[in-house]
Amino acid sequence: MSSGKFVRETAVTFTSGVLSLLIGVGTSIILARVLGPEGKGIYTLATLLPSLIVTFGNLGIGPATVYYVARGDLRRPEILGNNVLLSLGLSGVGVLAGLIVVLFFREIVFPGVLPGYLLLALVLVPVEFFFLYVNYVLLGAQRIKEFNYVRIAQSALFLGFIALALLGLGAGVNGAILAGLSTWLVVDALVFRLAKKVAGGIDLKPNAYYIKRALTYGLQAHLANILGFLNYRVDMFLVNWFLGPAAVGLYAVGVGVGEKLWMISQAASTVLFPRVAAENEEERRKEFTPLVARTVLWITALSALALALLSCWIVLLLYSKAFLPVVGALQALLIGIVALSAGRVLSNDIAGRGFPRLNIYTGVAAVATNVVLNLLWIPRYGIAGAAWASTVSYTVSFLGALFFYCRLSGNRWTAVVFPQRGDWALYWKTGKALCQWAWIKVRTVL
């Protein structure tokens, strides 16, 4: 596990995240200003339906794909082909489940959202399933460059289609949903072409051996991912339940701004997971993951401090005076976002070691904390109460991941949380090497 290569690939992933962030901010501004708080809230809730279906129905095949492609136990064309078949079958089941929710449970789950928006949003289910299953082949093969190309392309295409639908055609919420569909169709074609090339072809013959192994690993990771998703998004449902779609629109802006700080941990975790799965020397893993975790933790903490000081100005500049009530909620979220940044790194190490079930225990504790505190605090404190509930649950998630990681690795918790002797020298050496690598790349382009 070369630290130099890890840093380069993390830097590339982070850079693509920054570009996606800048593009995503433009998209978010258009959505917020054109649709307004209520329209933004309706759009958020409508598109949450396909996200929930894909999250609940993917059976963890994505993480299993990364794990088995990285380990090299099975032929890549078989993995890609079986993932395509699985995505087609499971998306059909997902659409049917979505129809049942819309027709029979809409007033309970999505009060205030017209059924037409929810039914239209169901078209996103098949294209999101396909992308999820195919894109992870690139990550498992550690083709970080291609993985990030797809990420940037997705953000840029979505911005273009949103601008066309809302600014050009004035199509409202329906137009925003269709812009998402158009984006996914183009990106699916791109990612399939790249994954087929990386895999060396595609074998569409069903492989029961792979499916069984993928499900054995994947279902453990799947439940952990579901709990993680609920921990991130259950507050949206509860805010809508207590306060209505307009409050969701406000809260979604605060969450969206705060969660941008996770780009740092997402970049590191994305590169770390397949590397841990492929690494056979325990001593390297034992030294490497704590370095990544504590570095991510403190970089995110400093970034959160800067965002807290500038949050009022940022919200006013980007989203207008109508969204200023979200500033307090955004500031409350930042503490939890910092804690969970390191928790993400540790959870990916745990999954990469082949123990995704341990993340389930952490997820159960975090979601239970989130739900209970939201029920207590939203009626009393509004969206600020939802933000504080999330912060506490994110901290619980971090502490759980820290406990299990230390038990598995034998490392002390202080090595994960606090800077260690020699870190600054390593940062300087790595930064210098990274600058030299970047300069060579720039000179090659010029």
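This is a short tour of a predicted model, stop by stop, with a selection to make at each one.

**The whole chain**

Start with everything shown as a cartoon. The chain has 16 helices and zero strands. Of its 446 residues, 54% count as buried. Switch to a surface view: the accessible surface comes to about 19400 Å², and carbon and sulfur atoms account for 68% of that. Among contacts in the chain with a separation of 6 or more, 84% are between residues 24 or more positions apart.

**Salt bridges around Arg75**

Select Arg75, Glu78 and Asp203, and show their side chains. A network of salt bridges links these residues. Arg75 and Glu78 meet at 3.7 Å, N to O. In the bridge between Arg75 and Asp203, the closest N and O atoms are 3.9 Å apart. This second pair links distant parts of the chain, with the two positions 128 residues apart: Arg75 sits in the loop between α2 (61-71) and α3, and Asp203 in the loop between α7 and α8 (208-243).

How covered is each member of the network? Arg75 is partly exposed, with a relative accessible area of 45%. Asp203 is also partly exposed, at 24%. Glu78 counts as buried because its 18% relative accessibility falls under the 20% limit.

**Helix α7**

Next, select residues 172-199, which make up helix α7. At 1.5 Å a residue, its 28 residues should span 40 Å, and the end C-alpha atoms are 40 Å apart, so the two values agree. Just after the helix comes Gly200, whose phi is positive, near 80°.

**Helix α5 and the bridge at Arg143**

Move to residues 124-140, helix α5. The expected span for its 17 residues is 24 Å; the end C-alpha atoms are 25 Å apart, which agrees. The helix is mostly covered, with 15 of its 17 residues buried. Gln142 follows α5 and has a positive phi, near 60°.

Now select Arg143 and Glu146. They form a salt bridge in which the closest N and O atoms are 2.9 Å apart. Arg143 is partly exposed, at 33% relative accessibility, whereas Glu146 is buried, at 12%. The structure holds three salt bridges.

**Ser155 in helix α6**

Select Ser155, in helix α6 (residues 144-168). Is Ser155 buried or exposed? It is buried, with a relative accessible area of 17%. Leaving aside residues up to four places away in sequence, Ser155 touches Ser20 and Ile23.

**A nonpolar patch on the surface**

Return to the surface view and select Leu96, Leu99, Ile100, Leu103, Phe104, Phe105, Ile108 and Leu119. These residues form a nonpolar patch on the surface, with about 810 Å² of accessible area together. Which helix supplies the largest share of the patch? Helix α3 (residues 76-109) does, with seven residues. Leu119 lies in helix α4 (residues 115-121). Leu119 is partly exposed, at 35% relative accessible area, so it passes the patch requirement of over 30%.

**Aromatic rings**

Finish with the aromatic side chains. The whole structure has twelve aromatic pairs. One of them joins Phe403 and Phe404 edge-to-face, at 5.3 Å centre to centre and with 70° between the planes. Phe403 is partly exposed, at 46% relative accessibility, while Phe404 counts as buried, at 17%. As a last selection, take Tyr67, Tyr68 and Tyr217, which form one aromatic cluster.

Methods
Residues are numbered from 1 along each chain as its sequence is written. Side-chain values use heavy atoms; hydrogens and water are left out. Patches are made of residues with over 30% relative accessible area and no salt bridge: like charges are joined within 9 Å, nonpolar side chains (Val, Leu, Ile, Met, Phe, Trp, Tyr) within 5 Å. Accessible areas come from the Shrake-Rupley method with a 1.4 Å probe; for residues, only the protein chains shown count as cover. A salt bridge is a side-chain nitrogen of Lys or Arg within 4 Å of a carboxyl oxygen of Asp or Glu. Helices (H or I, at least four residues) and strands (E, at least two) are DSSP runs, numbered from the N terminus. Buried means under 20% relative accessible area, exposed over 50%, partly exposed in between (1.4 Å probe, protein chains only). The expected span of a helix is 1.5 Å times one less than its number of residues. Contact means heavy atoms within 4.5 Å. Rings of Phe, Tyr and Trp (its six-membered ring) pair if their centres lie within 6.5 Å; planes under 30 degrees apart count as stacked, over 60 as edge-to-face and the rest as tilted.
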